[in-house]
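Thanks for passing this one along. Here are my notes, set out as numbered points so that you can follow them with the viewer open.

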Amino acid sequence: MKRDTFIIGFMLFALFFGAGNLIYPPILGVSSGSSFFSAIIGFIITGIGIPILAVTAISYVKNDARELGNHVHPLFGLIFTCLVYLAIGPFFGIPRAATVGYEMSVEPLLQNTSSAALLLFTSIFFLAVLFVSLNPSKMVDRIGQLLTPILLLSIAALVIGGLILFDQPLPTASGDYAQNPFFTGFVEGYLTMDAIAALAFGIIVVQTFKERGLSTKADIIKATLKSGTIAGIGLAIVYTSLGWISARMPNGSSFVNGGEILSEAATQIFNTSGTLLLGIIVTLACFTTSVGLVVAASQFFAKISPVPYKWLAVIITFASYLIANQGLNTIIRFSVPVLVFLYPIAIVLILLTFLQPLFKNKQAVYRGAILFTAIVSLYDGILELGVKMSFFSEYMAMLPFSNIGLGWLLPAIIGGFIGWVLSKIQKREASV
């Protein structure tokens with residue numbers, strides 16, 4: 001079972017490690033500079049810690065993420081989980097992975113872009129995704145034993161080259177990193193959106209351990225936590241390494257985004273071969289994440305509909321293929337508002353799963369915390385759509401941490417407390 005735990009941990013690492021996870025650490029490294037270690041610790045807490053907690057939370061349930069939402073209401077559990085799977089699956093997550101893979105692997109080689117090149121790339125990409133996804137029982141071996149080692153070796157080559165060649169002193173921290181590097185890194189990790197993906201990936205891990213002979217809840221929780229820890233250690237090493245070499249790269253601050261920083265780093269280390277190496281890293285990262293999302297979404301919708309798994313895998317892959325060919329900018333424009341709305345709700349559900357012994361799993365606590373969180377996150381999502389709400393903005397700006405995207409935190413605590421008080425009152429009235 002130790003061997004299985006490591007293989008599943010490697011698989012989980014590959015599923016989490018998408019293109020977005022490659023892009024954020026270089027930005028953090030360049031911007032945080034001399035405050036790098038404080039910033040990367042904050043990033044790791046939310047970019048790795050919360051997703052691993054989410055995977056472990058799923059090991060507490062019998063079937064899927066619906067059970068976390070069922071503590072609020074069964075209808076909420078169904079709707080919220082459907083929205084999560086659609087958002088990280090065919091509507092946004094999978095198409096985004098494919099288009100990022102194209103823009104960072106094929107486009108630099110062509111030195112321009114075209115709809116025909118994108119169509120050809122996504123056709124090959126999604127055929128490969130479908131091939132692996134149609135037999136999910138073999139996915140662990142294909143990703144955990146084959147693709148993850150290739151991905152890790154490619155990243156290691158880039159990182160070792162950077163550590164040898166880049167010896168510039170750390171620059172002065174800029175922007176928000178100059179004022180509060182830890183919390184700025186904390187929020188950047190939160191924006192990776194991996195906690196939502198973890199709700200989908202968690203059930204893959206649990207099902208895999210069941211297929212490998214684990215039956216008791218305690219054993220599954222323990223094994224899931226171990227595999228999550230293995231994935232988390234791998235992610236922490238990669239994030240820290242990519243951020244560090246970017247911080248020490250010459251003229252890193254002259255680039256606009258993490259993709260450009262990483263591309264330039266690869267070119268400086270390995271010349272034109274660096275572009276090819278980076279293309280391999282990004283394509284593998286996007287591919288493994290896409291496979292995991294297709295499998296997770298197909299398995300979930302097969303449970304709640306009469307459509308067989310294999311047909312759902314075909315439908316989800318084809319829908320992702322169509323949306324991917326709309327281009328990355330279009331996908332991001334529509335995905336960000338939805339994710340900004342869903343992510344805080346997911347975090348609160350995950351945290352309540354571990355805190356439930358403190359309030360004895362009272363439904364009113366779940367309802368109060370989720371209701372207050374949803375109000376703030378819905379407002380933030382609408383703002384991302386470009387809709388201005390001047391009347392509400394004045395009051396929302398008064399919430400603590402609203403300027404760093406955590407305005408929902410205090411309302412969630414207040415809502416949970418109100419729910420706890422109401423549950424006490426109801427219990428007292430019922431006993432009279």
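The points below start with the whole chain and then go through single residues.

1. Please keep in mind that this is a predicted model. The secondary structure is quick to describe: the protein has 19 helices and 0 strands. Its C-alpha atoms fill a box of roughly 80 × 50 × 40 Å along the principal axes. The radius of gyration is 22 Å, which agrees with the value near 22 Å that a compact globule of 432 residues would have.

2. How much of the chain is buried? Of the 432 residues, 52% count as buried. Contacts tell you something about the fold as well: among those between residues at least 6 apart in sequence, 80% join residues at least 24 apart.

3. For the surface, the protein exposes about 19,200 Å², and carbon and sulfur atoms supply 68% of that area. There are 23 positive and 18 negative side chains. The centres of these two sets lie 15 Å apart, in case you want to look at the charge layout.

4. Helix 6 covers residues 93–110 and includes Thr-99. Is Thr-99 buried or exposed? Thr-99 counts as buried because its relative accessible area is 2%, and the cut-off for buried is under 20%. A polar atom of the Thr-99 side chain lies 3.0 Å from the backbone oxygen of Arg-96. Setting aside residues up to four places away in sequence, Thr-99 touches Leu-118, Ala-324, Gly-327, Leu-328 and Ile-331.

5. Glu-103 lies in helix 6 too. With a relative accessible area of 34%, Glu-103 is partly exposed. Which residues does Glu-103 touch, not counting those up to four places away in sequence? They are Pro-108 and Leu-328; Leu-328 also appears among the contacts of Thr-99. Measuring C-alpha to C-alpha in the model, you will find Glu-103 and Gly-259 9.3 Å apart in space, although 156 residues separate them in sequence.

6. Next comes Ile-281, placed in helix 14, residues 272–304. Its relative accessibility is 1%, so Ile-281 counts as buried. Beyond residues up to four places away in sequence, Ile-281 touches Leu-22, Leu-151, Ser-154, Ile-155 and Leu-158. The C-alpha atoms of Ile-281 and Leu-152 are separated by 8.4 Å, with these positions 129 residues apart along the chain.

7. Ser-31 sits in helix 2, which spans residues 19–32. Ser-31 is buried, since its relative accessible area of 17% falls under the 20% cut-off. Apart from neighbours within four places in sequence, Ser-31 is in contact with Thr-172, Ala-173, Ser-174 and Tyr-177.

8. Where is Ile-233? Look in helix 12, residues 217–247. Ile-233 is partly exposed, at a relative accessible area of 49%. Its C-alpha atom is 8.9 Å from that of Ile-48, and the two residues are 185 apart along the chain.

9. Two backbone angles deserve a look. As background, most residues other than glycine have a negative phi. Lys-360, however, has a positive phi near 55 degrees. Lys-360 is found in the loop between helix 16 (328–359) and helix 17 (363–384). Its relative accessible area is 65%, so Lys-360 is exposed.

10. The other angle belongs to Phe-401, where phi is positive at about 70 degrees although the residue is not a glycine. Phe-401 is placed in the loop between helix 18 (390–396) and helix 19 (409–431). With a relative accessible area of 42%, Phe-401 is partly exposed.

11. Finally, Glu-394 is found in helix 18. Is Glu-394 buried or exposed? At 54% relative accessibility, Glu-394 counts as exposed, since the cut-off is over 50%. The C-alpha atoms of Glu-394 and Thr-289 are separated by 39 Å, and the two residues are 105 apart along the chain.

Notes. Residues numbered from 1 in each chain as written. Heavy atoms only, no water. Helix = DSSP H or I, 4+ residues; strand = E, 2+ residues; numbered from the N terminus. Rg over C-alpha atoms; globule rule 2.2 N^0.38 Å. Buried < 20%, exposed > 50% of the residue type's maximum accessible area, 1.4 Å probe, protein only. Contact = heavy atoms within 4.5 Å. Areas by Shrake-Rupley, 256 points an atom, 1.4 Å probe, with all protein chains shown as cover. Lys, Arg positive; Asp, Glu negative; His and termini not counted. Charge placed at Lys NZ, Arg CZ, Asp CG, Glu CD. Polar contact = N/O pair within 3.5 Å; in protein donor to acceptor, adjacent residues only side chain to side chain.
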